[in-house]
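User: Could you take a close look at one part of this model for me, and then show how that part sits in the rest of the fold? I'd enjoy a connected walk-through rather than a list.

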Amino acid sequence: MENGMRAVIVSDGKKGHENQSIAYCRLLGIPYEIVQVRFRSKIYKAFSFLLDWLGIYTKIFFDPFESKKADIVVSAGSGTYYANKLLAKSMNAKSIALMYPRGYRKNFSTIYAQLHDDVNDTKAIQIPVNFSYSQKNGVAPCKKGCIALIVGGPNRHYTMDIQSIKPVVEFLFKTFRDKDIFVTTSPRTPKDVEEFLQSYPFSYSVIYSKNPVNPIGDFLSCCERVFITIDSTSMISEAVSNGDAAVEVIPLPGEKRNKYEKMVKNLAKEGNLHIFDGNVGNAGKKIDLRKYL
């Protein structure tokens with residue numbers, strides 16, 4: 001624990017945001033409390049931008065919430081930043097923003113900005129990926145040398161269907177026929193893609209719609225290679241920051257100019273991952289996020 005410090009995590013209920021804050025606290029080695037906040041309406045959120053610039057902070061914008069005393073208040077996501085400052089001010093604590101707080105005043109104690117978000121602010125600490133912290137959950141039958149496939153799902157930049165996944169699965173079973181091959185899907189994976197994956201003899205599989213567990217920490221700790229679809233900055237961040245596995249990122253049909261593409265190209269250039277092109281690389285260089293704390 002760092003000097004007996006405590007943290008409050010302000011969460012908007014989005015796991016991708018909340019997990020970054022949890023990772024930040026775990027990397028620091030400090031205990032934390034999670035406080036869920038929600039604006040009463042979109043109008044109140046709109047007013048929060050104005051009141052923040054005026055330096056006025058009030059709880060009336062939110063559904064009721066309480067928190068214990070803390071030394072730092074940390075959060076990610078636009079739905080949290082006003083409440084972050086509100087709590088930090090009331091506790092005389094430091095305020096930490098883990099993603100660039102667009103629209104709000106930049107008077108946080110510390111602001112982190114991901115390189116792929118094109119933030120031009122010399123006061124923000126630039127980081128190559130999202131904060132992540134991976135741990136084994138003991139759900140996968142780990143064996144050294146295994147191969148893993150991590151499948152996300154469509155988003156506003158990418159589509160996903162069987163045809164975009166099938167060539168990768170065929171490649172895995174042809175190339176690594178002497179290895180154990182694992183697979184996990186995610187909450188966003190289309191049902192037809194899950195059904196397709198179930199038609200293959202994976203050594204271990206998690207079909208998230210049927211069994212909502214997270215084996216990614218296990219995969220990263222024991223697999224020789226992990227193949228990850230490009231649609232999730234969180235999953236890619238976790239893979240390039242944890243474990244020893246070489247990372248292959250699987251392109252998907254969709255826009256070619258977006259933050260995912262920029263992030264992946266930057267990480268490929270640094271040797272943190274290889275963009276799967278029908279062949280595999282040996283990109284296993286890991287990012288130590290502690291050096292940014």
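Analyst: Let's begin with serine 134 in this predicted model. Leaving aside neighbours within four places in sequence, serine 134 is in contact with Gly217, Leu220, Glu238 and Asn242. With one of these, glutamate 238, the link is a polar contact between the two side chains, at 2.9 Å. Serine 134 belongs to the loop that runs between β6 (125-127) and β7 (146-150). Although it lies in a loop, serine 134 counts as buried, because its relative accessible area is 17% and the cut-off is under 20%.

The two strands that flank this loop make good next stops. Take β7 to start with: five of its five residues are buried, so this strand is largely enclosed by the rest of the structure. In a regular strand the side chains alternate between the two faces of the sheet. Here, Cys146, Ala148 and Ile150 point one way from β7, while Ile147 and Leu149 point the other way, and all are buried. Cysteine 146 itself has a relative accessible area of 1%.

β7 also has strand partners. Five bridges connect β7 with β10 (residues 223-229), and the two run parallel; within that pairing, cysteine 146 has cysteine 223 of β10 as its bridge partner. β7 pairs with β8 as well, again in the parallel sense, over four bridges, and there alanine 148 is matched with phenylalanine 182. Two cysteines as bridge partners may catch your eye, but a search of the whole structure finds zero disulfides. Another cysteine, at position 142, is partly exposed at 27% relative accessibility, whereas cysteine 146 is buried.

Following β8 (181-184) onward brings us to the loop between β8 and α5 (191-197), where proline 187 is found. Proline 187 is exposed, with a relative accessibility of 64%, in contrast to buried serine 134. From proline 187 to leucine 27 there are 160 residues in sequence and 26 Å in space, C-alpha to C-alpha.

Now back to the other flank of the serine 134 loop, β6. β6 belongs to an open sheet of six strands, ordered β2-β1-β3-β4-β5-β6 and paired in parallel. The edges of this sheet are β2 (32-36) and β6, each pairing on one side only. From one strand to the next, the twist averages 20°. The partner of β6 is β5 (residues 110-114), joined to it in parallel by three bridges, with tyrosine 112 standing opposite isoleucine 125 of β6. Helix α3 (residues 81-91) packs on this sheet, where it touches β1 (7-11), β3 (72-75) and β4 (94-97), and its direction makes about 175° with that of β3.

Stepping back, the protein has eight helices and 12 strands. Its radius of gyration is 20 Å, close to the 19 Å that the globule rule gives for 293 residues, so the protein is as compact as a globular protein of that length. Along the principal axes, the C-alpha atoms fill a box of roughly 60 × 40 × 40 Å. Of the 293 residues, 53% count as buried, and serine 134 is one of the buried residues. Among contacts between residues at least 6 apart in sequence, 63% join residues at least 24 apart.

Notes:
Residues are numbered from 1 along each chain as its sequence is written. This is a predicted model: local features need pLDDT of at least 70, side-chain atom pairs count only at pLDDT 80 or more; totals for chains, interfaces and linings use all residues. Side-chain values use heavy atoms; hydrogens and water are left out. Buried means under 20% relative accessible area, exposed over 50%, partly exposed in between (1.4 Å probe, protein chains only). A polar contact is a pair of N or O atoms within 3.5 Å; within protein, one must be able to donate a hydrogen and the other to accept it, and residues adjacent in sequence count only if both atoms are side-chain atoms. Contact means heavy atoms within 4.5 Å. Two strands pair if DSSP finds at least two bridges between them. Axes are lines fitted to C-alpha atoms, for helices over the stretch in contact, and angles run from 0 to 180 degrees between N-to-C directions. A disulfide is a pair of cysteine sulfur atoms within 2.5 Å. The radius of gyration is taken over C-alpha atoms; the globule rule is 2.2 Å times the number of residues to the power 0.38.
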